Amino acid sequence: MCETCGCGDTKLVPVEVHDRIMSENDRNAGHNREHFREAGVLALNLMGSPGSGKTALLEATARARPGKLRLGAVSGDLATDNDARRLQAAGIPSAPITTGSGCHLDAELVHRSLHDVPWRELDVFFIENVGNLVCPAIYDLGQEANVVALSVTEGEDKPLKYPVMFKAADLVLLTKVDLLPHLGVDVRAIEDNLARVMPRPSLIKVSARTGEGIDAWVAWIDGLRKGVVARKTVGGAHHHGPAADHDHGHDHHHDHVHDHGHDHGHDHDHGHAPRSGSRGG
């Protein structure tokens, strides 16, 4: 249980206190977003379970574009700086954020960490969130988009069991697909479940080990970066409106989840958490 926010438990933290915490977080997130957009830096919130392959994915991203895409990161962890040290070794300037008992990052923690990373010199700034499929989705950090790493080893039903996380996602990366020949995992079932909960289903299948799908992932990043750079070029708008209102480059030639003809009857205004500037419940 997170000691700072109560993770929505109104018996632990009263509703009015929780609302004040979230309001303050949203103000800090807006401040972070303004910084990133003025500098033309694409900030991505990378979320997923412990062991879903978030750090390995970033290492593979650095290998895919050596010297061509300036990457930086902060890595959230309860007790170690292991992930940040791995990223440093991969050539990604990074800093750890050790949360203690906190099960997620918040906008103030990210803001403080900016003093430890040369983020203004970057093309892409990754916020590697604490391993957790619940709380990180609720907190806006000032990111341009949310990316969720979901490994094939986690099971087909995770989007249905943790819908808040996947409703908040702009992209899901199905990781460790090199293991599929050894597992009885139905990828079509994962795609179908994502289509039931994601407002705009989008999936890329990747393997950090073999490099499968990494080019498509980098192309998705490049598409998003063009929008960020274009906004900076035309004057760097200071509004904090949802990044989802912009073209995230989701129409590239890579692997997307399609609707498969399902009509799930969803109203796509989920009021969900933080693509940018909004918070979920």
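**Close-up views of a predicted model**

**Figure 1. Helices α2 and α8 pack at an angle of about 85°.** In this predicted model, the axes of the two helices lie 10 Å apart. Angles of 65 to 115 degrees count as roughly perpendicular, so α2 is roughly perpendicular to α8. From α2, the residues Leu57, Ala60, Thr61 and Ala64 make the contact, and α8 contributes Ile214, Trp217, Val218 and Ile221. By class, seven residues of this contact are nonpolar and one is polar, while none is charged.

**Figure 2. Helices α2 and α3 pack at an angle of about 10°.** Helix α2 spans residues 54-64 and helix α3 spans residues 82-89, and their axes are 10 Å apart. The two helices are therefore roughly parallel to each other. Thr55, Ala56, Leu58 and Glu59 of α2 meet Asp83, Arg86 and Leu87 of α3. The residues of the contact of α2 with α3 comprise three nonpolar, one polar and three charged.

**Figure 3. Seven strands form an open sheet with parallel pairing.** The order of the strands is β3-β2-β4-β1-β5-β6-β7. The edge strands are β3 (94-98) and β7 (203-205), each of which pairs on one side only. From one strand to the next, the twist averages 20°.

**Figure 4. Strands β1 and β4 pair in the parallel sense.** Strand β1 covers residues 42-48 and strand β4 covers residues 124-128; five bridges join the pair. Among the bridge partners, Ala43 is matched with Phe125 in β4.

**Figure 5. Helices α3 and α8 pack on the strands.** Helix α3 lies across β2, β3 and β4, and runs at about 175° to β3. Helix α8 (residues 214-233) packs on the sheet and touches β1, β4, β5 (145-151), β6 (171-175) and β7. The direction of α8 makes about 140° with that of β1.

**Figure 6. The second largest pocket is lined by 15 residues.** About 170 Å³ of space lies in this pocket. Which residues of the lining lie nearest the centre of the pocket? They are Pro50, Gly51, Lys54, Asp83 and Gly131. Helix α2, strand β2 (71-77) and helix α3 each supply at least two residues of the lining. By class, the lining has three nonpolar, seven polar and five charged residues. Asp83, named here near the pocket centre, also belongs to the contact of α3 with α2.

Technical notes:
Residues numbered from 1 in each chain as written. Predicted model: local features only at pLDDT ≥ 70, side-chain atom pairs only at ≥ 80, totals over all residues. Heavy atoms only, no water. Axes fitted to C-alpha atoms, helices over the stretch in contact; angles between N-to-C directions. Helix = DSSP H or I, 4+ residues; strand = E, 2+ residues; numbered from the N terminus. Parallel < 35°, antiparallel > 145°, perpendicular 65-115°, else oblique. Contact = heavy atoms within 4.5 Å. Nonpolar A, V, L, I, M, F, W, Y, C, P; charged D, E, K, R; others polar. 1 Å grid on protein atoms, 1.4 Å probe; cavity = no way out; pocket = protein on both sides within 12 Å on 5 of 7 lines; lining within 4 Å. Points joined across faces, edges and corners; volume = space filled by probe spheres on them. Pairing = 2+ DSSP bridges.
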